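Reader: I'd like to go through the labels people put on a structure and hear the reasoning behind each one. Can you walk me through it?

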Amino acid sequence: MSLPQLKNDVFLRSLLREPVPYTPIWLMRQAGRYLPEYNATRAQAGSFMQLAQNPEFACEVTLQPLRRFDLDAAILFSDILTVPHAMGLGLDFVAGEGPRFARPVRNEADVMALQAPDMSKLQYVFDAVSLIRKELDGKVPLIGFAGSPWTIACYMVEGQGSDDYRLVKSMMYQRPDLMHRMLEINAQTTCEYLNNQIRAGAQAVMLFDSWGGVLSDSLFQEFSLAYTRKVVDGLIREHDGKRVPVIVFTKGGGMWLEDIAGCGADAMGVDWTVNLSRARTRIGDKLALQGNLDPMTMFGGEEAIRREARRVIDDFGPVGQGGHVFNFGHGISRFTDPEAVGILVDEVHSYSRRHHSV
Ligand code: CP3
């Protein structure tokens, strides 16, 4: 089946550090609970998993933010925890409490029983990707994604979100051999998972290392970055004659920009603690940068949103040989007023033109 020509390639071109007329923008968690139409579809589906596992529903909520805002990319509606769910850990989203696994990985026997899942268990994700590509009709590119091996391991061991990462770090310090085994399985699975998303039509892919920043220096490199690199090394980088850019995002990774820049990705996502100009000096325009507005800026009113957006764009500065994709430094808050998102997109598109030469 041949797909329609892409009408807006500003996002993909920025990731590849090619000249563009303005700074493209999309937002982490752009489909989600801050949109009333998302909540309506979620209620219709019944639960988060029923929403994510139904390609029609997943397609609908992926497209919802694009109907409201002039965003430059769509992101597949799914979750990073679909991978451990496919490994048999039993994912559930408890209302108001976030994700929970019925069978967390806590000891040697649990780790030894872990296996890379059959990709047919994740077919609903690949079906959603194909359907979204068709329905997008070339409007903007589609981003596929997965969690990093380390971030997924955090949930697999803790069994849910955590404040102190006590269980996963206990395993890492007591039995690094078990941790490495689990990360190896996660890396292999994640690579295969993303490659299937690319074959189904994802035009860029992003790895979320949301909890890499909780590790100490040297353990970050050993237990998180090394496995991120393994995933990146095995990815399909060209599909249908087009380069498929890879974005790696480590929340709290500001100390390790040079290390992360060496992992083979085309672009690096950074949180709001990083100054984009200094980041460029440190990594030398080797990769594009994605970020990095504090999502809480959205609660500051119109003037603050416009001012802070301009500050991020000015911090990056003249684009030249670099590439900048505007985003938040982490996911949008569910309490965000959708109107504030419209203001942000408008400011980024209009103000950024001064830093682009085409
Ligand atoms: O960005 C998008 O719009 C695409 C969809 C997407 C979701 N989760 C949907 C979702 C993406 C890219 C994710 C990634 C994800 N999921 C991450 C990495 C990014 C990050 O924020 O650090 C992580 C750590 C998860 C795990 C997860 N999923 C948690 C902790 C929670 C509960 C807390 C929360 O933020 O709501 C989820 C649930 C989830 N995933 C929701 C959405 C829209 C809300 C669920 C609901 O409808 O009740």
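Author: Sure, and keep in mind that this is a predicted model. Let's start with the rings: there are eight aromatic pairs by the rule used here.

Reader: Take F48 and F93: what makes this pair tilted?

Author: Their centres are 4.4 Å apart, with 50° between the planes. Rings pair when the centres lie within 6.5 Å, and tilted is what's left between under 30 degrees for stacked and over 60 for edge-to-face, so 50° lands in the tilted class.

Reader: Where in the chain do those two rings come from?

Author: F48 is in helix α3 (residues 48-52) and F93 is in strand β2 (residues 91-94). They're 45 residues apart, so the pair links distant parts of the chain.

Reader: And why is F48 called buried?

Author: Its relative accessibility is 9%. Buried means under 20%, so F48 qualifies.

Reader: Why is the F145 and F208 pair called edge-to-face?

Author: The planes sit at 85°, which is over the 60 degrees needed, and the centres are 5.6 Å apart, within the 6.5 Å limit, so edge-to-face it is. This one also links distant parts of the chain: F145 belongs to strand β4 (residues 142-147) and F208 to strand β5 (residues 204-209), 63 residues apart. Both F145 and F208 are buried.

Reader: Which residues do ring pairs link into a cluster?

Author: Y38, F48, F77 and F93.

Reader: What makes R280 count as sitting over the ring of F316?

Author: The charged end of R280 is 4.0 Å from the ring centre. The distance cut-off is 6 Å, so that part is met, and the other requirement is an angle within 35 degrees of the ring normal. R310 over the face of Y351 is listed as well, at 5.9 Å from the ring centre.

Reader: On to the core. How many residues does the largest nonpolar core have?

Author: It has 131 residues, and F11, M179, M182 and L344 have the most contacts inside it. Helix α10 (residues 176-200) gives the most to this core, with eleven residues. As for M179, it touches W150, A153, V168, M171, M172 and F223, leaving out residues up to four places away in sequence. As a general point, nonpolar side chains tend to be buried together in soluble globular proteins.

Reader: N186 is in helix α10 too. How do you know that N186 is buried?

Author: Its relative accessible area is 0%, and the bar is under 20%, so N186 is buried. Beyond its neighbours within four places in sequence, N186 contacts M87, P149, I152, A153 and M156.

Reader: V20 lies in the loop between α1 (10-15) and α2 (36-45). What makes V20 buried?

Author: A value of 4% is under 20%, so V20 counts as buried. With neighbours within four places set aside, V20 is in contact with V10, R13, S14, H356 and V358.

Reader: Last stop, the ligand. Which residues come nearest?

Author: Of the 24 residues around the ligand, those are R33, Y38, R42, S210 and H330.

Reader: What makes R33 and the ligand a polar contact?

Author: A polar side-chain atom of R33 is 2.2 Å from a ligand oxygen atom, and the limit is 3.5 Å, so the pair passes. The H330 side chain has a polar atom 2.6 Å from an oxygen of the ligand. Q30 uses a backbone N or O atom instead, at 3.2 Å from a ligand oxygen.

Key
Residues are numbered from 1 along each chain as its sequence is written. This is a predicted model: local features need pLDDT of at least 70, side-chain atom pairs count only at pLDDT 80 or more; totals for chains, interfaces and linings use all residues. Side-chain values use heavy atoms; hydrogens and water are left out. A nonpolar core is a set of buried Ala, Val, Leu, Ile, Met, Phe, Trp, Tyr and Cys residues joined through side-chain atoms within 4.5 Å. Buried means under 20% relative accessible area, exposed over 50%, partly exposed in between (1.4 Å probe, protein chains only). Helices (H or I, at least four residues) and strands (E, at least two) are DSSP runs, numbered from the N terminus. Contact means heavy atoms within 4.5 Å. Rings of Phe, Tyr and Trp (its six-membered ring) pair if their centres lie within 6.5 Å; planes under 30 degrees apart count as stacked, over 60 as edge-to-face and the rest as tilted. A residue is near a molecule or strand if one of its heavy atoms lies within 4 Å of it. A polar contact is a pair of N or O atoms within 3.5 Å; within protein, one must be able to donate a hydrogen and the other to accept it, and residues adjacent in sequence count only if both atoms are side-chain atoms.
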